[in-house]
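User: I am new to this structure and would like a close look at a single part of it. Please start there, and then walk me through some other spots in a friendly way.

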Amino acid sequence: MSALSGADHGFMGRALQLAERGLFSADPNPRVGCVLIREGAVVGEGFHARAGEPHAEANALAAAGERARGATAYVTLEPCNHHGRTPPCSAALIAAGVARVVYAVADPNRDVAGGGAARLAAAGIDCAGGCLEREARALNAGFFSRFERGRPFVRVKLAASLDGRTALANGRSQWLSCEAARADVQRFRARSGAVLTGAASATADGARLTVRDPALELRGRVPLRVVADPRLTLDPGARILAEPGPVLILCAGGDAAARAALEARGAEVLDLGARARDIGAVLAELTRREVNELLVEAGARLAGAFIESGLVDEFVLYLAPHMLGHEALPLAALPLLDDLGERWEFRFEDVRRIGTDLRLTLLPERKGGP
């Protein structure tokens with residue numbers, strides 16, 4: 001295995017830029033980019049656009065043609081070594097006659113796609129891994145979470161006034177955030193495998209949870225919209241059911257007529273029994289459905305339940321420059337604390353202005369609670 005150079009890092013940086021082109025469309029597959037370099041010049045580039053379509057390596061090899069022979073391939077994920085929807089990329093690289101492969105991070109799906117680097121090495125191809133590994137893992141945080149932790153990467157989106165309120169006491173909340181912030185949320189929805197809300201929010205807010213920005217290239221992929229509705233109280237006339245695309249309603253029993261009415265509107269209703277109120281069980285079901293990233297857009301009660309679960313990876317909070325008063329609805333419903341040592345703690349990862357609002361990206365530091 002050869003040592004990595006500054007040039008290797010530069011070419012891998014370009015491969016990561018290519019991988020980002022699949023940010024909204026590659027799911028549930030990982031976002032992968034590939035660059036082929038021969039004698040210091042780019043001879044082929046490619047990225048994985050959509051599940052079932054050619055992988056990044058195949059696209060780069062097709063662009064390079066015979067110029068791939070003797071080239072170095074820079075790939076943001078270890079080349080796959082299995083027959084899935086497409087042939088193994090390791091075999092394609094060997095057949096093309098590349099001399100060296102540099103990859104950013106090993107594939108976490110060892111049962112299916114592992115062994116790519118070993119197969120390349122066995123064919124006499126020089127392999128080196130770990131080039132910009134941190135950046136490559138961050139781009140596919142959900143994919144790695146699903147295979148390494150058995151659950152999606154969970155991102156909770158919240159919007160609040162300066163005094164930490166999300167809606168007036170009568171429930172009215174449109175529009176708390178500015179137009180630019182609402183457009184920014186579209187990007188988080190577009191990159192997610194599923195968007196989850198509660199039945200109360202879906203009814204009161206008229207939430208659709210759809211991706212409506214045509215500039216975000218989903219390439220036909222539609223994120224799953226999930227409604228946590230243990231008692232099946234969602235109105236069959238809710239706007240979320242009027243929009244095209246799959247809707248999954250998670251319940252704990254409920255009235256048979258209510259279930260039939262929701263199914264008649266095209267929703268899938270899944271009875272999880274008592275597990276419908278268990279965040280871990282909900283995540284397990286979404287993992288089974290190959291959801292890499294879950295975006296939670298919910299009211300205080302469900303947001304609080306996620307915070308208490310300790311299963312949130314990232315919070316995105318849009319802070320609007322106004323106040324709603326102490327009787328307005330809170331950001332999250334959490335237990336009463338008697339000691340500051342019991343508080344939930346977070347770390348600022350990023351703070352930036354979006355329109356007239358601030359967007360705070362926070363990472364959980366410690367799970368609190370009594």
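Analyst: Right after helix 3 comes G97, a residue with a positive phi, near 80°. A word on how to read this: the model is predicted, so local features need pLDDT of at least 70 and side-chain atom pairs count only at pLDDT 80 or more, while totals for chains, interfaces and linings use all residues. Residues are numbered from 1 along each chain as its sequence is written, and side-chain values use heavy atoms, leaving out hydrogens and water. Helices (H or I, at least four residues) and strands (E, at least two) are DSSP runs, numbered from the N terminus.

Helix 3 itself spans residues 89-96, and its buried residues are C89, S90, L93 and A96. Looking down the axis of helix 3, you find these buried residues within an arc of 130°, so they line one face of the helix. (The arc is taken from the directions that run from the helix axis to the C-beta atoms.) Here "buried" means under 20% relative accessible area, "exposed" means over 50%, and "partly exposed" is in between, with a 1.4 Å probe and protein chains only. A general point helps here: an α-helix has 3.6 residues a turn, so residues three or four places apart point the same way.

What lies over that face? The cover of the buried residues includes helix 2 (56-64), strand 3 (72-75), strand 4 (100-103) and helix 4 (116-122).

C89 also brings us to the cysteines. The structure has 0 disulfides, a disulfide being a pair of cysteine sulfur atoms within 2.5 Å. C80 is in no disulfide, and the nearest cysteine sulfur to its own, that of C89, is 3.7 Å away. C80 is buried, at 6% relative accessibility. For C34, the closest cysteine sulfur is again in C89, but at 8.4 Å it is too far for a bond. C34 is buried as well, with a relative accessible area of 0%.

From here we can move along the chain to the charged residues. Searching the whole structure turns up 26 salt bridges, each being a side-chain nitrogen of Lys or Arg within 4 Å of a carboxyl oxygen of Asp or Glu. One of them joins R137 and E148, at 2.7 Å from N to O. R137 sits in helix 5 (residues 133-139) and E148 in helix 6 (residues 141-148), so this pair, 11 residues apart, links distant parts of the chain. Both ends are partly exposed: R137 has a relative accessible area of 28%, and E148 has 45%.

Another salt bridge runs from R149 to D313, whose closest N and O atoms are 2.9 Å apart. R149 is in the loop between helix 6 and strand 6, and D313 is in the loop between helix 11 (300-309) and strand 13 (314-319), so this pair ties together parts that are 164 residues apart in sequence. R149 is partly exposed, at 44%, whereas D313 is buried, at 15%.

Next come R289 and E268, whose side chains meet in a salt bridge of 2.8 Å, N to O. The partners are 21 residues apart: R289 belongs to the loop between helix 10 (279-288) and strand 12 (293-296), and E268 to strand 11 (residues 268-271). Each is partly exposed, with relative accessible areas of 23% for R289 and 38% for E268. Elsewhere, salt bridges with shared partners join R31, R155, R191, E293 and E314 into one network.

A further charged residue to look at is K157, which has its place in strand 6 (residues 153-160). K157 is buried, with a relative accessible area of 15%. Neighbours within four places in sequence aside, K157 is in contact (heavy atoms within 4.5 Å) with V185, L295, V296, E297, V316 and Y318.

Let us finish with D213, in the loop between helix 8 (199-204) and strand 9 (224-228). D213 is partly exposed, at 31% relative accessible area. D213 and A183 are 30 residues apart in sequence, while their C-alpha atoms are 7.8 Å apart in space.
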